Structures are given as structure tokens and as C-alpha cells.
Amino acid sequence: MTAGATHERTTRLVFPDGFVWGAATAAYQIEGATTADGRGMSIWDTFAHTPGKVADGDNGDVATDHYHQFQADIALMAELGLDAYRFSVSWPRIRPGGRGPVNEAGLDYYERLVDELLRHDITPVLTLYHWDLPQELEDAGGWAARDTASWFAEYAAVVAARLGDRVPLWSTLNEPWCSAFLGYGSGVHAPGKTDGGLALRAAHHLLLAHGLGTEVLRSALPASAQVSITLNLCAVSAGSAGEGARDAVRRIDGLANRLFLDPLLRGHYPADVRQDTAALTDWGFLRPGDERTIAAPIDLLGINYYSPTVVDTGTEPDQEPSPWPGSEHVRFLSKPGPATAMGWTIDAGGLLAVLRRVHREYPGLPLMITENGAAFDDTPGPEGGIADPERIAYLRDHLAVAHEAIEAGVDLRGYFVWSLLDNFEWAYGYSKRFGIVHVDYPSQRRSLKDSARWYREVISTNGIDPRGGLPGEA
């Protein structure tokens, strides 16, 4: 079966026993309460309050007020039947300056959150870093500074000491590519810097932080706990048949995928990426022993996937400034066909390609889809219902190829929809809605979209009907 043939299947696709069904969020996108109970400033607080950086001047000061409404939100999770909830801890809530004194009120909050999840039989899946670096650390150099990796390890130790007995699955970082290349390369994410060499340095220090953090977690957590990292991997294909297009694929695959997978799972950076970027940096930030630290064994790899990537060669920069250091000339093309409200092409085949590729080239590592979903322009109907058939179709088709990957031998352990709630969508502010639960921002009222009801049926039956709409529909 291919992604395009999903609707031709009539047999219900049942997932393996124990397959984990979850939903994911991130602290800055939902918590709000940015000055409550001793929380410090993050780079996203600073960035969002800088005029012109975020659509409509939006910021995360309130977001979906999850900080105050987490109990009601967890009740919603239980209503949906979630097995697990993937959330991130806000580093500036735990250490307001990124280093120095620990904020006990911040730890208390996450302890209450975890305990509430467990009371509802929902497994907490904790991400230590989802882009909200304490501003004081950015002022000291941010991810471009090597010391930040060590401060991250200390922060990881603090969180593990408080929550390690109750959280079975830990992720060090979410999407370090975004943190490095959108934050320090193109500048469209916090902290908004535009230096390709700096972005490469940040990427290395993020990976070093993962390695140091993994060592700390191994020493602090029970032997049964699992340690992971989450990458936004790309299915990169050529937009033409020429040699230039093939080189563009190699370059973007190197920066998007192999720059992270190879040091994590093979113990070394790809030589061609180092050569491609030699004009920007001499890689002097890579010190003896770093690659060994980065390659600390992990128990599971989280994969985030949304849309395919199609590239071709060009002569002028495709994006200015570019998040692709050393490959600024590469052109990014849109595939024909349906797209989400983000303008992202919908192609579940890309997810299948990513899962098969990692299984083939980096064998023996369990995988989990830690983010997958789509933004659409959801509008409540006259009776309050929120029909989002495009999202149901998107989720259904991606789950169908996830099932196909499992049938092909991929050790895929679970799926987390992005996102549980509509939320602050980074530089897009509140203009894009990814949630399966609608949030009316002025009132903070939550309402299940049709996709939430559909996902509840998926979870309860541990499978999907490839023909299906909502439960009970023909």
C-alpha cells in the first residue's frame, strides 16, 4: 500500500498490542503564566515581545493558560482515552537564570502535573527542552556557547531528581535543527540571530547538551526509565533529474537529517556536511571526545514529521537569510496537491520514507512518532460543533502509513498527535490551529473538534478504518 492508496483499503488496520497513543504540547505554547511563581524570562518571551517578530504582535504571556487549567486539560485527555501525554518542562521555571538557584515552585508545578496524569492512568512523557532557553543564558552566548551544554546537564539533573521516580520516558531535546538553524541561521525563531557559522556551532552544542544530559539521566533515573531525543526528520526528494538536483538532495539531507543522526547513532559527523560548510566555520568547536559524548546510547528515537521536502539547484539564495548554511543556493519546491493552512504539502508517503530509512540505515533502534498533525482554519459551526474533516483525513492517512511501516518490520512503538490544544504557534502567533481541541482564546473555553472524537475512537479500538470519517459514519 502507498500513501495514495490509503482509501482503497477496506480492512481495519489494527496496531500491535501496547502501541502507545498520545498527544503532545510544549510549555511556552500552552502554559502562559510567564511571570508566575518565580519563572524567569526565556528567549521566546524576549523574541515575542520584539515588534515584528511574531504575527499580529502575539506572545505566550497567556497562551492557553494551561498553567492554571492543567487539571481540566488532563480530564480532557482522560476523556479522549490517551495512553500518554508528551509535554515539555520550562527551563526558566526550574532555574530562572538557567543556572544558579532552583525555583522550587516550578518543580512543584510539574510534580502536580505528573501526579495528576498518573491519577488518570496517563503516562507522562517528558521533554526537557522545547526551545525556551533562559534569556540569561542567551545573554551569555546561548547555544553558541559551549557552557550552555553543561548548564543543560545540571538542569536535567534537577528535574530528574524530582520526577525521575514517576516519569518512564524522557527526551532531552525537541527538534535541535529548529533551535539551531531557525534560531541562529534564518532568525525566524528565537533568539533571532542570522549567522550560518553560529547556527552550526549551536547545533553542535545542542547535541553535546543531549549527550551530557543523557549521562546525567542515566545516573539519576531508575534502570527502567528510557532516554530519547526527538528529531524533525525530512523526506528529501529531487525536483528534477539533473546532477544539480541530486546534489541539492545530498546537501539538505545532510543538514536536516545526517548532521544529527550520524553523530547520535554512528559517533561521527558526516564528512560531506563538514566540507559543505567549511567556508563558514573551521569546526573548531568540535573537541576531542565530543562525538563520543553525543553518541551516548539512547533507548528510543522520537520522530516529528509534517510534510515532504522537495529541492532543486539554483543560482540565487532561496531564502535570505537562510537556515541552510553552505547550501543557500538550494531551491525549495512545493509539490502539487492539497496543503495545510501552513502551506505545507500533504504527503503521508514522506513519513513512510522517513520511518523506513531510519529503520534501514540506523537499525535496532525503537522509534516513536512524537509529533504529527496539521493546521487548518477551524471554525465553530452554528451549533458549536467544529468539523475538521481535512485533519481527520490527514491523521488517518499518516496512521495508515505508520501501520504499513510496522508491517514492513519497523519497530514503531507509538504515535503522538500534534497537538492536543490549539496554541501559540511560534512566529505565527495564534493564527494557526493545530489542536484536536479547539481553544477560544478570549474565554479559554475548550471544545472537542471532530478530529478529537475520531482520535478517541482510534484509541479505543487500537486501529483505524482506512475508509473512515467519524465513528458511525458510512
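The legends below accompany several views of a predicted model, beginning with the whole protein and moving on to single strands, residues and peptide bonds.

**View 1. The whole protein, with 15 helices and 15 strands.**
The radius of gyration of the protein is 21 Å, close to the 23 Å that the globule rule gives for 474 residues, so the protein is as compact as a globular protein of that length. Along its principal axes the C-alpha trace spans about 60 × 60 × 45 Å, and buried residues account for 61% of the 474 residues. If one takes the contacts between residues at least 6 apart in sequence, 76% of them join residues that are at least 24 apart. The protein exposes about 17100 Å², and carbon and sulfur atoms supply 50% of that area. There are 40 positive and 62 negative side chains, and the centres of these two sets lie 3 Å apart.

**View 2. Strand E9, covered on both faces.**
Strand E9 is formed by residues 309-312, with Thr-309 and Val-311 on one side and Val-310 and Asp-312 on the other, and all of these residues are buried. Strand E7, made of residues 236-238, runs parallel to E9 and is joined to it by three bridges; here Ala-238 stands opposite Val-311 of E9. Strand E10, made of residues 331-333, is also joined to E9 by three bridges, but the two run antiparallel, and in this pairing Val-310 stands opposite Leu-333 of E10.

**View 3. Strand E4 and its pairing with E3 and E5.**
Strand E4 covers residues 123-129 and is mostly covered, since six of its seven residues are buried. Strand E3, residues 84-88, pairs with E4 in the parallel sense over five bridges, and within this pairing Ser-88 stands opposite Thr-127 of E4. Strand E5, residues 169-174, pairs with E4 in the parallel sense too, over four bridges, and the bridge partner that Leu-126 has in E5 is Trp-170.

**View 4. Arg-93, a buried residue in a helix.**
Arg-93 is found in helix H4, which is formed by residues 91-94. With a relative accessibility of 1%, Arg-93 counts as buried, because buried means under 20%. Leaving aside residues up to four places away in sequence, Arg-93 touches Glu-31, Gly-32, Ala-33, Ala-36, Arg-39, Tyr-67, Asn-103, Gly-106, Tyr-109 and Tyr-110.

**View 5. Phe-19, a buried residue in a loop.**
Phe-19 has its place in the loop between strand E1 (13-14) and strand E2 (20-24), and its relative accessible area of 5% makes it a buried residue. Not counting residues up to four places away in sequence, the residues that Phe-19 touches are Asp-83, Ile-406, Leu-412, Arg-413, Gly-414, Tyr-415 and Asn-462. Pro-263, by contrast, is 244 residues from Phe-19 in sequence and 29 Å from it in space, C-alpha to C-alpha.

**View 6. Two cis peptide bonds, one ending at Pro-321 and one at Ser-419.**
Most peptide bonds are trans. The bond from Glu-320 to Pro-321 is cis, with omega near -5°, and Pro-321 has its place in the loop between E9 and E10, the two strands that run antiparallel and are joined by three bridges. The bond from Trp-418 to Ser-419 is likewise cis, with omega near 5°. Ser-419 is found in the loop between strand E12 (412-418) and strand E13 (437-440).

**View 7. Asp-37 and Asp-121, each with a positive phi.**
Most residues other than glycine have a negative phi. Asp-37, however, has a positive phi near 55°, and its place is in the loop between helix H1 (27-30) and helix H2 (43-48). With a relative accessible area of 45%, Asp-37 is partly exposed. Asp-121, which is not a glycine either, has a positive phi of about 60° and is found in the loop between helix H5 (104-119) and E4. The relative accessible area of Asp-121 is 68%, so this residue is exposed.

Technical notes: Residues numbered from 1 in each chain as written. Predicted model: local features only at pLDDT ≥ 70, side-chain atom pairs only at ≥ 80, totals over all residues. Heavy atoms only, no water. Rg over C-alpha atoms; globule rule 2.2 N^0.38 Å. Buried < 20%, exposed > 50% of the residue type's maximum accessible area, 1.4 Å probe, protein only. Contact = heavy atoms within 4.5 Å. Areas by Shrake-Rupley, 256 points an atom, 1.4 Å probe, with all protein chains shown as cover. Lys, Arg positive; Asp, Glu negative; His and termini not counted. Charge placed at Lys NZ, Arg CZ, Asp CG, Glu CD. Pairing = 2+ DSSP bridges.
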